[in-house]
Amino acid sequence: MSLLFSPLTLRSLTVPNRLWVSPMCMYSAVDGVPQEWHHTHLAQFASGGAGLIVAEATAVLPEGRISPRDTGLWNDAQRDAWAPIVDAVHARGALIGVQLAHAGRKASTWWPWATDNGSVPEDQGGWPTVAPSAVAFDGFAAPAALDADGIAAVIEGFADAARRALDAGFDVLEIHGAHGYLLHQFLSPLSNRRDDEYGGSLENRARLLREVTEAVRRVAGDAVPVFVRISATDHAPGGFTPEEAARVGEWAGAHGADLIDVSSGGLVAHQRIDVHPGYQVPLAAAVRQGGRIPSSAVGLLTDGAQAEAVLAEGDADAIFAGREWLRDPHFGLRAAHELGDDVAWPDQYLRARWR
């Protein structure tokens, strides 16, 4: 059997394979409540051979939504709407996690296909945003700098959302510390201009991520895996670097994280990134540091052989993919065939199985 289709055990959870579905925002919720779209969208990947599916960036507080159409877990109605979606994924043989998120200064924005862009005005359903410092994201409304009470509320929001996620049946909790959202805003000197214990040195800039990780771990207990997603570089001068990301990954592990989900970018509006197949894999390898903490890789990984090579080189412990799953919801079954693996197919699909 290939490495890609071998199991991976994290705490008490054994994931049946290492080809996973990245969290991808659908901008289709109503008041933070997931809809039928989310049910169908996520369950299809379980039928298609995914070992683990991580649901989209889900706001821990209403003001933490990227857009008015984001999913949430700040109330029990949202928890109850997630539960049948979780059950549907489990019924199809896969595991499911949720990405807990706060968008910070990148909140209250229009969804991608809206006729407008930038920040949503308050009279059209938007809201004031917060950040480590009162520094706006290019083209967005200026945020307010979080004070001590605001920071405490964010930590409590992550813990409460984690508790609701477990009540809904999710198997994995992922903390979103990437892509220019709130925790990443604290990590990067480009957006964090504070001069208190949450700003300045890397240790201070990573303090909120460590505190959130500790809070989520307390809720998760000893059995449930906790992932942390980070952007391992800002792709911008003076920004967060891979060397800093490796240190932050170690700190996150020491405070309760079981795997670092490594991505990049998202902090500044006009980054120039050399995008090519596997372009983010070296970042996952840098954070993994020879296995000191498990990591996952992302970034234009589109076939079984390519994903297998990443694992065989020791650059990551698992593969997250996004766009390829959207193009082919049965990417897992196809990749297994490409690698010559004999994996379980849904009984309903057996007549189409390659021989």
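**Exercise 1. Helix α11 and its cover**

Work out which residues of helix α11 (residues 331-339) are buried in this predicted model, and which elements cover them.

*Solution.* Start with the helix itself: F331, G332, L333, R334, A335 and A336 are the buried ones. Next, look for what sits over them. The cover includes β3 (19-21), α1 (36-47), α9 (304-312), β12 (318-321) and α10 (323-327). Finally, step just past the end of α11, where G340 takes a positive phi of about 75 degrees.

**Exercise 2. Salt bridges around α10 and beyond**

Find the partner of E324, and say whether each of the two residues is buried or exposed.

*Solution.* Step one is the pair: E324 bridges to R327, with 2.9 Å between the closest N and O atoms. Step two is the spacing. The two residues sit three places apart in helix α10, so about one helical turn separates them. The general rule behind that: an α-helix has 3.6 residues a turn, so residues three or four places apart point the same way. Step three is accessibility. E324 has a relative accessible area of 12%, so it falls under the 20% cut-off and is buried. R327, at 55%, is over the 50% cut-off and therefore exposed. Step four widens the view: E324 and R327 belong to a salt-bridge network that also takes in D328, R334 and E338. Note that R334 is one of the buried residues of α11.

Now do the same for R353 and D342.

*Solution.* These two side chains meet in a salt bridge at 2.1 Å, N to O. Both residues lie in the segment after α11, 11 residues apart. R353 is partly exposed at 21% relative accessibility, while D342 is exposed at 61%.

One more pair: which residue does R194 bridge to?

*Solution.* Its partner is D196, with the closest N and O atoms 2.8 Å apart. R194 is buried, at 13%, and D196 is partly exposed, at 26%. If you run the search over the whole structure, you get 16 salt bridges.

**Exercise 3. Reading the nonpolar core**

Which residues touch the most other members of the largest nonpolar core, and which helix gives the largest share?

*Solution.* The core has 82 residues, and the best-connected members are I53, F158, F170, I175, I260 and I319. Helix α3 (residues 148-168) supplies the largest share, nine residues. Now zoom in on F158. Leaving out residues up to four places away in sequence, F158 touches V60, L100, A101, H102, I175, L183, V212 and V216. Apart from this core there is another one, of 14 residues, including L10, V15, V172 and L259. As background, nonpolar side chains in soluble globular proteins tend to be buried together.

**Exercise 4. L52 in its strand**

Place L52, decide whether it is buried or exposed, and list its contacts.

*Solution.* First, the element: L52 is in strand β4 (residues 52-59). Second, its accessibility is 0%, so L52 is buried. Third, the contacts, skipping neighbours within four places in sequence: V15, L19, W20, V21, L95, I96, G97, V172 and F227. Take F227 from that list and check the distances. L52 and F227 are 175 residues apart in sequence, yet 12 Å apart in space, C-alpha to C-alpha.

**Exercise 5. Two loop residues**

Where do S191 and E122 sit, and which is buried and which exposed?

*Solution.* Take S191 first. S191 lies in the loop between α4 (182-187) and α5 (202-205), and at 2% relative accessibility it is buried. Its side chain reaches the backbone oxygen of Q185 at 2.7 Å. Beyond residues up to four places away, S191 touches R105, P132, S133, V135, H184, Q185 and L267.

Now E122. This residue is in the loop between β5 (95-101) and β6 (130-131), and at 57% E122 is exposed. With residues up to four places away left out, E122 touches W127 and P128. E122 and S108 are 14 residues apart in sequence and 8.7 Å apart in space, C-alpha to C-alpha.

**Exercise 6. A nonpolar patch on the surface**

Which residues make the nonpolar surface patch of about 210 Å², and where does I273 lie?

*Solution.* The patch is made by I273, V275 and L300. I273 is in the loop between β10 (259-263) and α8 (281-288). With a relative accessible area of 31%, I273 is partly exposed.

Definitions and conventions
Residues are numbered from 1 along each chain as its sequence is written. This is a predicted model: local features need pLDDT of at least 70, side-chain atom pairs count only at pLDDT 80 or more; totals for chains, interfaces and linings use all residues. Side-chain values use heavy atoms; hydrogens and water are left out. A nonpolar core is a set of buried Ala, Val, Leu, Ile, Met, Phe, Trp, Tyr and Cys residues joined through side-chain atoms within 4.5 Å. Buried means under 20% relative accessible area, exposed over 50%, partly exposed in between (1.4 Å probe, protein chains only). Helices (H or I, at least four residues) and strands (E, at least two) are DSSP runs, numbered from the N terminus. Contact means heavy atoms within 4.5 Å. A polar contact is a pair of N or O atoms within 3.5 Å; within protein, one must be able to donate a hydrogen and the other to accept it, and residues adjacent in sequence count only if both atoms are side-chain atoms. Patches are made of residues with over 30% relative accessible area and no salt bridge: like charges are joined within 9 Å, nonpolar side chains (Val, Leu, Ile, Met, Phe, Trp, Tyr) within 5 Å. Accessible areas come from the Shrake-Rupley method with a 1.4 Å probe; for residues, only the protein chains shown count as cover. A salt bridge is a side-chain nitrogen of Lys or Arg within 4 Å of a carboxyl oxygen of Asp or Glu.
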